[in-house]
Amino acid sequence: MPLNLAQLLAQIKQNNPKADTTLVELAYEYAAQAHAGQTRRSGEPYIQHPLRTALTLAQIRAENDVVIAGLLHDVPEDTGRPLAEIEKQFGKKIAALVEGITKLSKVKYRGIERHTESLKKMFIAMAADIRVILIRFADRLHNLETLDALPENKRLRIAQETMEIYVPIAGLLGIWHFKNKMEDICFRYLHPEEYKKLQYRYEVEQRMENQAFIKKTEEILVPKLKEADLRFEIQGRFKSLYSIFQKMQKKERKFSEIYDVFALRVIVETVADCYKTIGVIHSLWKPKPNRFKDYIAVPKSNGYQALHTAVFGPNGKVTEFQVATRKMYEKSLYGIAAHWYYKSNKKYLSKQPKWVRDILELMRQAKNSEEFVNVAKIDVFQNRIFVFTPKGDVIDLPERSTPIDFAYAVHSDIGHHCVGAMINEKIGKLDTPLKSGDTVEIITEKNKKPSRDWLKIAKTARAREKIRQSLKTNGGFMKFIKWK
Ligand code: MN
């Protein structure tokens with residue numbers, strides 16, 4: 001079913017009935033015009049893609065600027081319209097977000113595992129703003145959902161890149177909604193056999209049974225909740241296929257051992273309603289001893305809040321209930337609330353690389369997840385740049401590094417013999433400061449040796465050290481020849 005603007009506007013109004021959607025409508029018109037005549041690989045009009053991206057962002061309650069940037073995110077890259085025009089029409093803030101996305105699209109995984117750490121860093125550094133990452137996730141999610149339209153090699157590349165780069169970052173930032181969805185889709189493409197097997201068991205066998213059971217439970221519960229004057233929504237709870245797959249691999253357990261008991265989630269309006277709902281559930285079915293957990297009074301260390309209970313439900317089947325307010329529920333899905341978890345989990349923290357700890361520290365300092373999402377500029381990597389080799393490896397260097405630093409970072413032999421550099425396919429000098437996103441190719445000559453001048457050009461300790469070593473040996477050698 002094609003999406004339309006009305007659906008997006010409805011979602012924005014649902015989040016905030018007072019929201020002014022004028023600019024959203026203008027952005028839609030602008031994007032539709034810019035992409036007019038373009039189609040996606042699937043054959044649908046291109047505008048469907050930015051529209052879906054924007055809708056996903058509205059669904060996670062992102063602010064309007066972010067939704068608008070979602071509508072415009074492919075305009076500079078895929079149409080003739082320059083960023084300056086977007087800035088003129090929609091202002092600096094939105095243009096900055098769109099620019100962030102365009103930059104971020106340069107970060108590509110090319111199948112070299114040892115570089116994934118640098119790529120993750122680069123992704124975050126280039127984004128520089130959590131909101132840009134959210135837009136990129138929403139964008140990627142739709143690309144994953146329409147992966148079938150792509151040729152197989154491209155499908156695999158995108159799935160692998162998502163798994164190696166996007167998924168860990170989504171996990172790091174605690175954006176479970178995106179993490180789980182992306183993982184499940186990638187799982188399908190990367191492990192098609194296992195996926196099919198699990199999907200059959202889970203979706204066909206279990207889910208059918210599950211749905212019938214949920215329906216039955218609902219038929220009993222709904223009238224009672226209504227009697228108690230509650231406004232509520234009931235959802236069946238499903239585990240992500242990939243998480244089942246992972247557990248089965250880790251623990252070498254069978255599907256039937258991992259599959260959770262039947263679980264339902266009840267979403268209500270207030271905290272008082274949560275307790276009232278538990279009362280209704282316990283009066284209908286006998287609670288299982290020791291299974292009532294009050295994570296509202298005592299939230300989990302990651303900030304998660306809800307009431308949990310398990311009862312002997314219809315047919316005596318053990319049934320789990322999670323009861324929460326809408327706010328609590330949404331926070332658990334979209335909140336960048338993971339910092340509460342890391343804050344209290346020293347052991348987890350000590351195992352992480354320094355850059356991860358720095359980001360988590362940044363998150364910890366934000367007063368709450370909204371503040372973090374809205375204001376956080378990620379300046380952990382402010383003084384690092386990320387430069388590509390011609391093959392697409394990423395080299396992570398301090399700011400103002402030069403091709404000499406780059407050459408030594410790749411290999412000391414390349415450093416020792418470098419005579420020049422191609423920067424973005426143009427001839428550059430050995431002392432040209434590099435920028436993030438540059439592609440650098442070093443030109444070498446067999447007989448070239450480091451000179452003392454290089455010490456003035458090189459910024460990294462590694463390059464300087466190697467140059468000094470080489471000067472010492474070469475210098476000694478020269479003297480030896482002279483005196484002989
Ligand atoms: Mn896109």
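Reader: What makes the charged end of arginine 140 count as sitting over the ring of tyrosine 166?

Author: In this predicted model, the charged end of arginine 140 lies 4.3 Å from the centre of the tyrosine 166 ring. A charge sits over a ring if it is within 6 Å of the ring centre and within 35 degrees of the ring normal, so the distance of 4.3 Å meets the first of these conditions. Arginine 81 is placed in this way over the ring of tyrosine 30, at 5.0 Å from its centre.

Reader: Which residues does arginine 140 join through salt bridges that share partners?

Author: Aspartate 453 and lysine 456 also form a salt bridge, with their closest N and O atoms 3.9 Å apart. Salt bridges that share partners join Arg140 with Arg157 and Glu161 in one network. Within it, glutamate 161 and arginine 157 have their closest N and O atoms 3.0 Å apart. Both residues belong to helix α10 (residues 152-172), where four residues, about one turn of the helix, separate them.

Reader: Why is the pair of aspartate 453 and lysine 456 called a salt bridge?

Author: The N to O distance of 3.9 Å is within the 4 Å cut-off, so the pair qualifies. By this rule the structure has 13 salt bridges.

Reader: How do you know whether glutamate 161 and arginine 157 are buried or exposed?

Author: Glutamate 161 has a relative accessibility of 2%, which is under 20%, so this residue counts as buried. Arginine 157 has 26%, which falls between 20% and 50%, so arginine 157 is partly exposed. Aspartate 453, at 46%, is likewise partly exposed, whereas lysine 456 has 69%, over the 50% limit, and is therefore exposed.

Reader: What makes arginine 136 and aspartate 139 a salt bridge?

Author: Their side chains meet at 2.7 Å, N to O, which is within 4 Å, so the pair is a salt bridge. Both residues lie in helix α9 (residues 130-145), three residues apart, or about one turn. Arginine 136 is buried because its relative accessibility of 7% is under 20%. Aspartate 139 is buried because its value is 3%.

Reader: Which residues coordinate the manganese ion?

Author: Aspartate 139 is one of them: the ion is coordinated by His49 (NE2), His73 (NE2), Asp74 (OD) and Asp139 (OD), at 2.2 to 2.3 Å. These distances are within the 2.8 Å cut-off, so the atoms count as donors. In sequence, the donor residues follow the spacing H-x23-H-D-x64-D. Histidine 49, in helix α3 (residues 48-59), and aspartate 74, in the loop between α4 (64-72) and α5 (75-78), are 25 residues apart and link distant parts of the chain. Histidine 49 and aspartate 74 are both buried.

Reader: Why is the pair of tyrosine 30 and phenylalanine 90 called edge-to-face?

Author: The structure holds eight aromatic pairs. In this one the ring centres are 5.5 Å apart, within 6.5 Å, and the planes stand at 80 degrees, over 60, so the pair is edge-to-face. Because tyrosine 30 lies in helix α2 and phenylalanine 90 in helix α6 (residues 83-90), the pair ties together parts that are 60 residues apart in sequence. Tyrosine 30 and phenylalanine 90 are both buried.

Reader: What makes the pair of tyrosine 242 and phenylalanine 245 tilted?

Author: Their centres are 6.0 Å apart and their planes meet at 45 degrees. That angle is neither under 30 nor over 60 degrees, so the pair counts as tilted. Tyrosine 242 and phenylalanine 245 are three residues apart in helix α13 (residues 241-251). Tyrosine 242, at 13% relative accessibility, is buried, and phenylalanine 245, at 7%, is buried too. Ring pairs link these two residues with Phe187 and Tyr195 into a cluster.

Reader: How do you know that threonine 460 is buried?

Author: Its relative accessibility is 12%, under the 20% limit, so threonine 460 counts as buried. This residue lies in the loop between α23 (454-457) and α24 (461-483). Leaving aside residues up to four places away in sequence, threonine 460 touches Leu397, Pro398, Ser401 and Asp405.

Reader: Where in the chain is confidence lowest, and where is it highest?

Author: Confidence is lowest in helix α17 (residues 338-344), with a mean of 38, and highest in helix α2 (residues 22-34), at 97. The chain averages a pLDDT of 82, and 80% of the residues score at least 70. Over residues 335-344 pLDDT stays under 50, and the model has 34 contacts beyond four places in sequence for them. Over residues 478-484 pLDDT also stays under 50, with zero such contacts.

How values were computed
Residues numbered from 1 in each chain as written. Heavy atoms only, no water. Helix = DSSP H or I, 4+ residues; strand = E, 2+ residues; numbered from the N terminus. Buried < 20%, exposed > 50% of the residue type's maximum accessible area, 1.4 Å probe, protein only. Donors = N, O, S within 2.8 Å, 3.2 Å for Na, K, Ca; no water. Contact = heavy atoms within 4.5 Å. pLDDT = per-residue confidence, 0-100.
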